[in-house]
Amino acid sequence: MDLTGKAALVTGAGTGIGQGIAVELARRGASVAIHYNNSRDGAEETRGRIEALGGQAIIVQGNIASREDVQRFVSETADRFGTINILVNNAALQLNLELLHHDEASYDKIMHTNLKGYWLCTQAVLPYLKKQQSGRVINLSSVHAKRPTDFDPVYAMSKGGIRMLTRESAIELGHYGITVNAIEPGAVDVGKSKHPPPILAPAAGEALARDDQRLHFPLGRVGRPEDVGHLVCFIASDASAFLSGAAIRLDGASMLL
């Protein structure tokens with residue numbers, strides 16, 4: 001999965017999954033624009049990790065729900081790298097409010113970030129992708145686009161919308177040689193929880209213990225940001241040229257339980 005010579009823009013790359021994606025893209029040779037809105041320190045950390053690999057990265061800032069901001073940081077990315085080949089729509093908001101606890105402000109905040117932001121970023125990179133008659137748009141959705149939850153219905157609605165945005169975009173943009181796909185992660189340890197989900201991977205040669213955690217995580221652990229990054233790199237590579245309109249569940253089989 002050699003991405004040498006490719007330029008990628010990853011939204012929300014200052015923390016968590018976005019940081020893992022940006023680092024893995026750089027590890028395989030891509031130049032990476034690290035987007036952030038509020039987490040400047042995180043973006044600097046991401047750039048430091050990429051530069052430690054010998055990679056090239058820039059930092060861009062903006063609110064993805066603002067067309068003006070999006071146009072600006074997309075232009076900054078293209079000016080620095082000459083073009084854009086890969087867009088990873090990752091920046092997202094999860095408030096974890098129950099249905100009756102949401103109000104119009106919280107609803108709008110989630111939808112403007114998780115859905116409108118993806119739409120605006122996709123529109124903004126299209127002139128570059130269409131000009132070169134190729135490109136990759138990779139949208140981060142969630143297993144909650146497929147299965148209802150009991151912790152934030154508005155978040156789940158936004159992730160379902162991303163799934164359909166991916167499908168419609170794949171149909172329309174395929175005429176320009178552009179593929180559009182979604183990744184639907186399950187639980188991923190991004191280091192934010194006071195009680196992080198279990199990571200139970202065994203030492204080399206050891207069998208996984210059959211305990212209660214296996215009832216929720218068949219592979220014995222939750223996901224890591226780099227797991228998502230590895231899949232992004234495959235979709236971004238030439239090896240995935242015939243993959244478009246797909247929504248790939250990445251949850252270690254946990255949704256099957």
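**Entry 1: two helices side by side**

I began with helix H3 (residues 67-81) and helix H4 (residues 104-132) in this predicted model, and I found that their axes come within 9 Å and cross at roughly 40°. I noted both values, because two packed helices are described by the angle between their axes and the distance between the axes. The crossing in which H3 passes H4 is right-handed. I then looked up who makes the contact: on the H3 side the residues include Arg 67, Val 70, Phe 73 and Ala 78, and on the H4 side they include Trp 119, Leu 120, Val 125 and Tyr 128.

**Entry 2: the sheet**

Next I traced the strands, and I wrote down an open sheet of 7 strands in the order S3-S2-S1-S4-S5-S6-S7, with parallel pairing. Strand S3 (57-61) and S7 stand at the edges, where each has a single partner strand, so one side of each has no neighbour in the sheet. On average, and ignoring direction, neighbouring strands of this sheet are turned by 20° against each other.

I looked at one pair more carefully: strand S1 (residues 7-10) and strand S4 (residues 86-89) run parallel and are joined by 3 bridges, with Leu 9 standing opposite Leu 87 in S4. I also checked how the two helices from my first entry sit on the strands. H3 lies across S1, strand S2 (31-36) and S3, and runs at about 160° to S3. H4 packs on the sheet as well, touching S4, S5 and S6, and its direction makes about 180° with that of S4.

**Entry 3: strand S6**

I asked myself whether strand S6 (residues 178-185) is mostly covered or mostly open. I found that 8 of its 8 residues are buried, so to speak for the whole strand I can call S6 mostly covered. In a regular strand the side chains alternate between the two faces of the sheet. In S6, I saw Ile 178, Val 180, Ala 182 and Glu 184 point one way, while Thr 179, Asn 181, Ile 183 and Pro 185 point the other way, and all of them are buried.

S6 has partners that I looked up in turn. Strand S5 (residues 135-140) pairs with S6 in the parallel sense over 6 bridges, and Arg 136 stands opposite Thr 179 in S6. Strand S7 (residues 247-250) also pairs with S6 in the parallel sense, over 4 bridges, and there the bridge partner of Pro 185 is Leu 250. I added that S5, helix H5 (residues 153-173) and S6 make a right-handed β-α-β unit.

**Entry 4: the nonpolar cores**

In soluble globular proteins, nonpolar side chains tend to be buried together. The largest nonpolar core has 33 residues, of which Ile 21, Leu 25 and Val 88 touch the most other members. Leaving aside its neighbours within four places in sequence, Ile 21 is in contact with residues that include Val 10, Val 88, Leu 140 and Val 232. Apart from that core lies another, of 25 residues, among them Ala 7, Leu 9, Val 125 and Val 180.

**Entry 5: Gly 223**

Last, I located Gly 223 in the loop between S6 and helix H6 (225-236). Why does Gly 223 count as buried? Its relative accessibility is 17%, and the cut-off for buried is under 20%, so Gly 223 falls within that class. Leaving aside its neighbours within four places in sequence, I found Gly 223 in contact with Ala 187, Val 188 and Asp 189. Gly 223 and Gly 12 are 211 residues apart along the chain, and their C-alpha atoms are separated by 18 Å.

How values were computed:
Residues numbered from 1 in each chain as written. Predicted model: local features only at pLDDT ≥ 70, side-chain atom pairs only at ≥ 80, totals over all residues. Heavy atoms only, no water. Buried < 20%, exposed > 50% of the residue type's maximum accessible area, 1.4 Å probe, protein only. Pairing = 2+ DSSP bridges. Right-handed = clockwise from strand over helix to strand, strands pointing away. Core = buried A, V, L, I, M, F, W, Y, C linked by side-chain atoms within 4.5 Å. Contact = heavy atoms within 4.5 Å. Axes fitted to C-alpha atoms, helices over the stretch in contact; angles between N-to-C directions. Left-handed = near helix turned anticlockwise from the far one by under 90°.
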